[in-house]
Every structure is written in C-alpha cells, then in structure tokens.
Amino acid sequence: MIGAIAGDVLGSWYEANVVEGMDFPLFMKLSRITDDSVMTAAVAEALLIHGSDVSPGDFAAAMRDWGARYPDAGYGGNFRRWLTNPSQGPYNSWGNGSAMRVAPAGWLGAHAEEVLELARRSAEVSHNHIEGIKGAQAVALAVFLARQGDGRESLKREIHSRFGYDLNRTIDEIRPHYNFEISCQKSVPEAIIAALESKDFEDAVRLAISLGGDADTQGAIAGSIAEAIYGGVPEHLLAFVLPRLPWDILSLAHS
C-alpha cells in the first residue's frame with residue numbers, strides 16, 4: 001500500500017495547484033496525506049483482520065473508523081455524508097474513490113478472481129455503480145498481475161479485455177485534451193497508462209500528475225501499480241513521504 005500512499009502524498013499539492021507537463025518540483029513543503037491514503041489504510045486493515053472472508057460490512061466499518069480519525073482529509077461531499085451516517089448504504093457512485101483505495105486487495109488476493117471479488121466488496125459499500133466497481137477491479141487486478149510478474153503488454157491486454165479501457169494511448173497524447181476528472185471511467189485508464197508508460201516509480205507518479213487532473217488520486221493509482229511493477233518505492237521518495245505519515249498509517253504500512 002505504500003506505493004498508493006506515496007503517489008497520494010506526492011500528488012497532493014498539485015490537486016489544487018495544477019500542472020500540465022513534466023517539469024515541476026516533486027517535493028513540496030505542504031505535501032501531505034489525503035483521503036486516498038486514509039481510505040487505503042482502511043481497506044488494508046479490513047483485509048489484514050478478516051482476510052479473504054472480509055465482508056462489505058467489514059470494509060464499511062473500517063472506512064468509517066478511519067474517516068472518524070481523519071475527518072478533514074479531503075473527502076467528497078457524498079462520501080463524507082456516507083462516512084458520518086452508519087445507516088446509509090451505497091449511493092451509486094462512479095467516482096474514482098473506489099479505485100484510489102483498492103491497492104491492498106491486489107497484494108493480499110491469492111489469485112485473480114479473488115482479487116476481483118475483494119475489489120468488488122471494497123467498492124460496492126459506497127461506489128456500487130458499475131463504473132465504480134469496474135475502476136476498483138481494474139486497479140486491483142493491475143497490481144496483482146504486476147506483482148505476479150506479468151509483462152506490461154500482457155497486463156494491458158488483460159485489463160482491456162476485462163474492462164474495455166483504451167490503454168493504447170500515451171500521456172503526451174492525452175494531456176492536451178485532458179481536464180480535471182473524478183470519474184473512474186475518465187481517470188483510472190489514464191493513471192494505469194502512466195504506470196505502464198513509466199521508466200521507474202517516480203516517472204509513473206510524475207506522468208500521472210502531469211495530466212493536470214485529480215493529481216493526488218491519479219498519483220495514488222499510478223503509484224500503487226508502479227510499486228508492483230518496480231518491486232517497491234525508491235528510498236529517496238520514502239525519505240520524503242514516510243515522515244509525513246501519522247503513526248497509525250505508518251504502522252499499518254509496515255504490517
């Protein structure tokens with residue numbers, strides 16, 4: 001999960017301070033965790049406690065617990081209302097919140113179908129729109145395939161076959177026409193492309209941020225996949241990110 005958190009922290013400054021291009025400083029004084037990291041921690045904790053038997057209710061309880069610990073992490077309005085109302089069910093969201101938090105499912109699932117099921121359960125508690133579930137499943141499966149050692153072309157074919165995402169574009173082709181997007185269908189494929197096109201972990205996060213979109217979330221998604229592709233997060237990035245993590249997230253990341 002540290003790849004997702006690193007991408008979130010590194011992208012956090014640029015959610016409001018948009019860049020379009022690769023020439024920007026990556027280490028910003030006010031970089032911080034956002035809701036992406038908090039909810040990734042919630043998903044990870046639910047999986048670590050309950051394993052493959054985790055239920056949607058377990059995910060929901062963990063998300064609400066972590067949300068109460070970090071009430072000002074930058075949640076969207078609908079999700080904030082869901083967090084603070086335990087009786088509220090899913091609200092048919094197609095937003096990329098389901099995809100930003102799902103990386104731990106890609107690491108803890110034992111096989112592809114289990115990963116897809118865990119991703120579905122983690123998404124549907126709030127994001128039960130077909131696109132919300134699809135976005136979460138695509139990211140989790142990409143993480144799983146990458147950590148299994150699948151090559152990028154194989155991973156690209158599998159994600160396209162299952163989810164229909166067009167991954168045969170480049171970031172340079174996408175960037176001139178890209179706008180701030182929170183939908184899974186218009187942000188998840190682009191973040192996956194950033195990871196697949198990259199030459200190293202830092203490049204993956206830079207490419208995702210460079211689109212000028214939802215930078216922390218796209219950084220988190222690209223970072224989660226890049227961590228699996230490259231076998232970890234580089235030390236110079238960890239030296240910047242880890243001191244910015246609160247103790248509970250830091251402890252969970254080392255679990």
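H7 passes H8 in a right-handed crossing in this predicted model. The two helices, with H8 covering residues 130-147, pack at an angle of about 140°, and their axes are 8 Å apart. Oblique is the word for this pair, because an angle has to be over 145 degrees to count as roughly antiparallel. On the H7 side, the contact is made by Ala-112, Val-115, Leu-116, Ala-119, Arg-120, Ala-123 and Glu-124. H8 answers with Gly-132, Ile-133, Ala-136, Gln-137, Ala-140, Leu-141 and Phe-144.

From H7 we can step over to H3, since helix H7 (112-124) is among the elements that cover the buried residues of H3. H3 runs through residues 56-69, and its 14 residues reach 20 Å from the first C-alpha to the last, close to the 20 Å expected at 1.5 Å a residue. Which residues of H3 are buried? They are Phe-59, Ala-60, Ala-62, Met-63, Arg-64, Trp-66 and Gly-67. Besides H7, the cover over them includes helix H2 (35-50), helix H4 (77-83) and helix H15 (247-253).

Take H2 next. Its axis and that of H3 come within 8 Å and cross at roughly 135°, so H2 and H3 are oblique to each other. Here too the crossing is right-handed, with H2 passing H3. From H2, the residues in this meeting are Val-38, Met-39, Ala-41, Ala-42, Val-43, Glu-45, Ala-46, Leu-47 and His-50. Facing them in H3 are Asp-58, Phe-59, Ala-62, Met-63, Asp-65, Trp-66, Gly-67 and Arg-69.

One residue of H3 deserves its own stop: Arg-64. Is Arg-64 buried or exposed? Its relative accessible area is 15%, and because the cut-off for buried is under 20%, Arg-64 counts as buried. Setting aside residues up to four places away in sequence, Arg-64 touches Trp-82, Leu-83, Asn-85, Pro-86 and Gln-88. For a sense of scale, the C-alpha atoms of Arg-64 and His-160 are separated by 33 Å, with the two residues 96 apart along the chain.

Now for a lysine, Lys-156, which has its place in helix H9 (residues 152-163). Lys-156 has a relative accessible area of 18%, so it is buried as well. What does Lys-156 contact, leaving aside its neighbours within four places in sequence? The partners are Leu-167, Asn-168 and Leu-196.

Leu-196 belongs to the stretch of helix H11 (188-197), which takes us to H12, because H11 is part of what covers the buried residues of H12. How many residues of H12 (201-209) are buried? The count is 8 of its 9, so the helix is mostly covered. The buried ones are Phe-201, Asp-203, Ala-204, Val-205, Arg-206, Leu-207, Ala-208 and Ile-209. Along with H11, their cover includes helix H1 (2-16), helix H10 (171-174), helix H13 (215-230) and helix H14 (235-241). At the start of H12, a side-chain oxygen of Asp-200 reaches to within 3.3 Å of the backbone nitrogen of Glu-202.

H1 makes a good last stop. H1 and H12 pack at an angle of about 40°, and their axes are 10 Å apart. That makes H1 oblique to H12, and their crossing is right-handed. Gly-3, Ala-6, Gly-7, Leu-10, Gly-11 and Tyr-14 in H1 meet Phe-201, Val-205 and Ile-209 in H12.

Technical notes
Residues are numbered from 1 along each chain as its sequence is written. This is a predicted model: local features need pLDDT of at least 70, side-chain atom pairs count only at pLDDT 80 or more; totals for chains, interfaces and linings use all residues. Side-chain values use heavy atoms; hydrogens and water are left out. Helices (H or I, at least four residues) and strands (E, at least two) are DSSP runs, numbered from the N terminus. The expected span of a helix is 1.5 Å times one less than its number of residues. Buried means under 20% relative accessible area, exposed over 50%, partly exposed in between (1.4 Å probe, protein chains only). Contact means heavy atoms within 4.5 Å. A polar contact is a pair of N or O atoms within 3.5 Å; within protein, one must be able to donate a hydrogen and the other to accept it, and residues adjacent in sequence count only if both atoms are side-chain atoms. Axes are lines fitted to C-alpha atoms, for helices over the stretch in contact, and angles run from 0 to 180 degrees between N-to-C directions. Angles under 35 degrees count as roughly parallel, over 145 as roughly antiparallel, 65 to 115 as roughly perpendicular and the rest as oblique. A crossing is left-handed if the near helix is turned anticlockwise from the far one by less than a right angle, and right-handed if clockwise.
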